[in-house]
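This report is intended for a reader who meets the structure for the first time. It begins with the pairing of the protein chains and then turns to the DNA, the fold and some individual residues.

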Protein chains: 2
Amino acid sequence: MHLSNTEENYLKAIYKIAERKNKSASTNTIAKYIGTAPASVTDMLKRLAGKQMINYERYKGVTLTTIGGREATQLIRRHRLWEVFLASRLRFSWEAVHDIAEELEHIKSEELVNRLDAYLDYPKFDPHGDPIPNAQGKFTLRNQMSLSAALPGNKVVLLGVREHETSFLEYLNELNIGLGTEFTIKAFNNFDKSMNILVDHNKETLLSEKVCQILLVKKI
Amino acid sequence: MHLSNTEENYLKAIYKIAERKNKSASTNTIAKYIGTAPASVTDMLKRLAGKQMINYERYKGVTLTTIGGREATQLIRRHRLWEVFLASRLRFSWEAVHDIAEELEHIKSEELVNRLDAYLDYPKFDPHGDPIPNAQGKFTLRNQMSLSAALPGNKVVLLGVREHETSFLEYLNELNIGLGTEFTIKAFNNFDKSMNILVDHNKETLLSEKVCQILLVKKI
DNA sequence: AGTTATTTTTAGATTGGGCTAAATTTATTG
DNA sequence: CAATAAATTTAGCCCAATCTAAAAATAACT
């Protein structure tokens, strides 16, 4: 089944929304995610339903079919493998890789993505710590938790971020925080749920509740 | 100036046609090259003229403007750099790289192509021996001639091919001929302009006139 | 040079992907 | 539970890129 870039983007959006909300995706949510008018989404949903990619019933949300889910997973695989290539081989920073990978992910060649995977030594995680599905679509799981769930005194290492926006990643750069950075939780401030952390044994930094929720860590 | 993939492909076609014929490109020629109806070409030519990419006058052919030529050259640069990446890093065969590079060449990021160039060590020629323009659009020239122009007794090395079609390249593979292959011209057959050549000091092979014209060699 | 053939352009239609405005269905709430 | 609000869909439109068929301009030939 041939899919256009746009159709693929809708499938990816539905996948990510469903993953987050753990259920079906609504027209409005998709519209916001993609950045189009809800009416355009309705049109596209009909088309994707016709291609057996989604389960669509008027006024209910949509879910991916088995093949729709497979397409979405492969798209995520391609996206994240290209991100690894851009960061590890071409030395792009982690905030620059997303936009370019958005284009590269649509290159249609099974052979290409599998050779790229091998060339990169079958990476399991991308530069933001997101898991890369293998050729069979299987994701690697690992123990990780939101920083919000850590307690004062805990020493943790950063495994991933739930937000890929450039400005946010640049903010982390300024704080000297990147994947693999280790830090200690000095204090939890109950009134605004912010945290004081110690990076590199010398800089004490305040992280807002929002940032704590975005950071994915593991206790060490 | 933003160009769609389609517009870029038209510019590339005009560039290649003009390069070959050494003059302006006609509507019909472009239509044949792109694989569309002449009427579609006319529409597109008007649009490209509006974007100052070509010089267009009804019923005359078209030529690229300075900026149109620069766009075409950059597209060729991207195409050939990706071909090098696919062949040298991902180990694709020389007949497989063209189609994938046709997609990759449209990824829009100046930074990407320049980093790729550096990563590949600023290659000067692609896997078919075609020159790769540098960031300033300058092509590397070298001494080469069509095999047709070589004489019996000459020993030559293959530098490039003027035809990228898969079936032709696979034919050369079967003959154990690739870039860098050295061979000696044993005989020139005047009646059909074919040549007998000796590859690897053991296989004597007959090459048709057409093939001789396509192969680009240098005397050694 | 005049007629025919070829090339190119115009006219009008189609498809994918998008929009706004209006209508309809579902959800919320006094 | 009726009225209002929010979400969704329909209707009708637009643009890019394509097509076919017909008209117009250029080229070729007797």
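How many residues does the contact take from chain A and from chain B? In this predicted model, 13 residues of chain A and 13 residues of chain B take part in the contact.

## The contact between the chains

On the side of chain A that touches chain B, the elements giving two or more residues are α5 (97-104) and α6 (110-119) of chain A. The most is given by α6(A), with four residues. By class, this side of chain A consists of seven nonpolar, one polar and five charged residues.

The arrangement of the two copies can be described by a single operation. A turn of 180° with a shift of 0.0 Å along the axis lays chain A on chain B with an RMSD of 0.1 Å. The two copies are thus related as by a two-fold rotation axis. In chain A, the C-alpha of A:L104 is the one nearest this axis, at 3.6 Å from it. The same surface serves both copies, since 100% of the contact residues of chain A recur in chain B.

## The surfaces near the DNA

Which residues come nearest to DNA strand C? There are 21 residues around this strand, and A:S4, A:A39, B:S26, B:N28 and B:A39 come nearest. Two or more residues of the surface near DNA strand C are given by each of α1 (5-21) and α3 (38-50) of chain A, together with α2 (27-34) and α3 (38-50) of chain B.

DNA strand D is likewise surrounded by 21 residues, of which A:S26, A:N28, A:A39, B:S4 and B:A39 are the closest. For the surface near DNA strand D, at least two residues each are supplied by α2 (27-34) and α3 of chain A and by α1 (5-21) and α3 of chain B.

The table sets out the element that gives the most to each surface, with the classes of the residues there.

| Surface | Element giving the most | Residues by class |
|---|---|---|
| near DNA strand C | α3(A), five residues | eight nonpolar, nine polar, four charged |
| near DNA strand D | α3(B), five residues | eight nonpolar, nine polar, four charged |

## The fold of chain A

Chain A contains eight helices and eight strands. Its C-alpha trace spans about 60 × 45 × 25 Å along the principal axes. The chain is divided into domain 1 (5-64) and domain 2 (145-219). The centres of these two domains of chain A, taken over C-alpha atoms, are separated by 33 Å.

Of the 220 residues of chain A, 32% count as buried. Among contacts in chain A between residues at least 6 apart in sequence, 56% join residues at least 24 apart.

In soluble globular proteins, nonpolar side chains tend to be buried together. Here the largest nonpolar core has 70 residues, and A:L215 and B:L215 have the most contacts inside it. Leaving out residues up to four places away in sequence, B:L215 touches B:L147, B:L158 and B:V161.

## Individual residues

Where is A:N176 found? A:N176 is in the loop between α7 (166-174) and β5 (182-189) of chain A. The phi of A:N176 is near 65°, a positive value in a residue other than glycine. Is A:N176 buried or partly exposed? A:N176 counts as partly exposed because 13 C-beta neighbours lie inside 10 Å, whereas a buried residue would need 20 or more.

In chain B, the loop between α7 (166-174) and β5 (182-189) holds B:N176. The phi of B:N176 is near 65°, again a positive value in a residue other than glycine. With 13 C-beta neighbours inside 10 Å, B:N176 counts as partly exposed.

B:E209 belongs to helix α8 (residues 209-214) of chain B. B:E209 is partly exposed because 14 other C-beta atoms lie within 10 Å. Apart from neighbours within four places in sequence, B:E209 is in contact with B:S148, B:D192, B:K193 and B:S194. B:E209 and B:F188 are 21 residues apart in sequence, and their C-alpha atoms are 9.9 Å apart in space.

Note on methods:
Residues numbered from 1 in each chain as written. Chains lettered and ligands numbered in written order. Predicted model: local features only at pLDDT ≥ 70, side-chain atom pairs only at ≥ 80, totals over all residues. Least-squares fit on C-alpha atoms with pLDDT ≥ 70 in both. Contact = placed C-beta atoms within 7 Å. Near = placed C-beta within 6 Å. Nonpolar A, V, L, I, M, F, W, Y, C, P; charged D, E, K, R; others polar. Domains from an automatic or database assignment. Core = buried A, V, L, I, M, F, W, Y, C linked by C-beta atoms within 7 Å. Buried ≥ 20, exposed ≤ 12 C-beta atoms within 10 Å, placed from the backbone.
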